[in-house]
Amino acid sequence: MENNQPSALSKIIRERRSIKTGYRNIPVPQELVLELLNDAVYAPNHKLREPWRFIFVPTESKQLFALEMAQHYPDEMFENRIKYFNEPDAYLIIVMPGSDNKKQHDEDFGAVSSMIQNFQLLAWERGLGSVWKTNPHVYDPNVHQMLGLQPGEEIAGFLHLGFFREAPPGQPRTPAEEKFTVYEPKFDL
């Protein structure tokens with residue numbers, strides 16, 4: 001007998017939103033972030049390279065973090081960047097190895113992306129909002145130095161974290177059927 005009801009996982013996938021504002025200013029527990037990460041790292045990753053490491057900026061450190069981050073922007077953006085970096089309640093910065101081998105880099109970035117999606121879905125299930133940001137500072141060598149990146153490492157993104165007041169409305173997605181083709185062999189066997 002077929003069950004046409006969406007699964008709990010399907011529901012979470014469809015309901016998850018990127019939370020950019022409206023955080024409730026509640027500390028994000030490090031223990032919760034570690035709990036979510038310990039499940040999220042079961043993302044598929046080629047040769048089990050586990051191409052990630054994490055830098056957590058807890059709620060109690062975010063004001064100093066915001067001040068330090070804002071210093072990497074032009075003077076005219078300083079106040080705006082302090083406000084921007086103080087909006088989330090915490091940060092999780094995802095660091096991955098760089099590679100001159102494009103195939104390996106693509107595999108690693110795919111794995112990191114899968115892990116981030118896992119994290120965001122698990123966080124959503126627990127009422128923790130997030131948004132994955134790849135603003136220009138992720139490429140800034142001064143920010144890399146500030147965060148203690150090693151030679152050859154890069155930032156895959158900043159996850160802005162916080163418990164949120166309400167989720168924004170979802171946007172419809174294009175049905176898969178509209179982007180779906182079936183391969184047709186060009187030769188007869």
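An open sheet of four strands, with the order 1-2-4-3 and antiparallel pairing, is a good place to start in this structure. Please keep in mind that the model is predicted. Two helices, helix 2 and helix 5, each lie across strand 1, strand 2, strand 3 and strand 4. Between them, these elements supply much of the story below: a nonpolar core, a buried strand and a set of salt bridges.

**The sheet**

- Strand 1 and strand 3 are the edge strands, as each pairs on one side only.
- On average, neighbouring strands of this sheet are turned by 25 degrees against each other, with direction ignored.
- Strand 2 and strand 4 are joined by eight bridges in the antiparallel sense.
- Along this pairing, P97 stands opposite E153 in strand 4, and A90 has L161 of strand 4 as its bridge partner.
- On its other pairing, strand 4 meets strand 3 (residues 128–133), again in the antiparallel sense, over six bridges.
- Here K133 is found opposite F158 of strand 4.
- How many of the 11 residues of strand 4 are buried? The count is 10, so strand 4 is largely enclosed by the rest of the structure.
- As a reminder when you look at the strands, side chains in a regular strand alternate between the two faces of the sheet.

**Helices on the sheet**

- Helix 2 runs at about 160 degrees to strand 1.
- Helix 5 runs at about 160 degrees to strand 2.
- Which residues of helix 2 are buried? They are L32, V33, L36, L37 and A40.
- These residues cover an arc of only 130 degrees around the axis, and therefore sit on the same side of helix 2.
- The spacing fits a familiar rule: an α-helix has 3.6 residues a turn, so residues three or four places apart point the same way.
- The buried residues of helix 2 pack against strand 1, strand 2, strand 3, strand 4 and helix 5.
- E31 and N38 are exposed on the other side of helix 2.

**Nonpolar cores**

- The largest nonpolar core holds 24 residues. Within this core, the residues with the most contacts are L92, I94, M115, F119, L128 and L161.
- Two or more residues of this core come from each of helix 2 (30–40), strand 2 (90–97), helix 5 (102–125) and strand 4 (153–163).
- Which element gives the most to this core? Helix 5 does, with seven residues.
- M115 shows how parts of the chain come together: leaving aside residues up to four places away in sequence, M115 touches L37, A40, V41, A43, W52, F54 and I94.
- Apart from the largest core there is a second, separate core of 17 residues, with M69, Y73, Y84 and F85 among them.
- For context, nonpolar side chains in soluble globular proteins tend to be buried together.

**Salt bridges**

- The count of salt bridges comes to eight.
- One of them joins E153 and R53, with the closest N and O atoms 2.8 Å apart.
- Because E153 lies in strand 4 and R53 in strand 1 (residues 53–57), this pair ties together parts that are 100 residues apart in sequence.
- R53 is partly exposed, at 29% relative accessibility.
- In another salt bridge, the side chains of D106 and K102 meet at 2.9 Å, N to O.
- D106 and K102 are four residues apart in helix 5, so about one helical turn separates them.
- Is each partner exposed or partly exposed? D106 is partly exposed, with a relative accessible area of 40%, while K102 counts as exposed at 59% relative accessibility.
- K103 and E107 form a further salt bridge through their side chains, at 2.3 Å from N to O.
- K103 and E107 are likewise four residues apart in helix 5, which puts about one helical turn between them.
- K103 counts as exposed, at 54% relative accessibility.
- K103 and E107 also belong to a network of salt bridges that links R49, K103, E107 and D108.

Key
Residues are numbered from 1 along each chain as its sequence is written. This is a predicted model: local features need pLDDT of at least 70, side-chain atom pairs count only at pLDDT 80 or more; totals for chains, interfaces and linings use all residues. Side-chain values use heavy atoms; hydrogens and water are left out. A nonpolar core is a set of buried Ala, Val, Leu, Ile, Met, Phe, Trp, Tyr and Cys residues joined through side-chain atoms within 4.5 Å. Buried means under 20% relative accessible area, exposed over 50%, partly exposed in between (1.4 Å probe, protein chains only). Contact means heavy atoms within 4.5 Å. Two strands pair if DSSP finds at least two bridges between them. A salt bridge is a side-chain nitrogen of Lys or Arg within 4 Å of a carboxyl oxygen of Asp or Glu. Axes are lines fitted to C-alpha atoms, for helices over the stretch in contact, and angles run from 0 to 180 degrees between N-to-C directions. The arc is that of the directions from the helix axis to the C-beta atoms.
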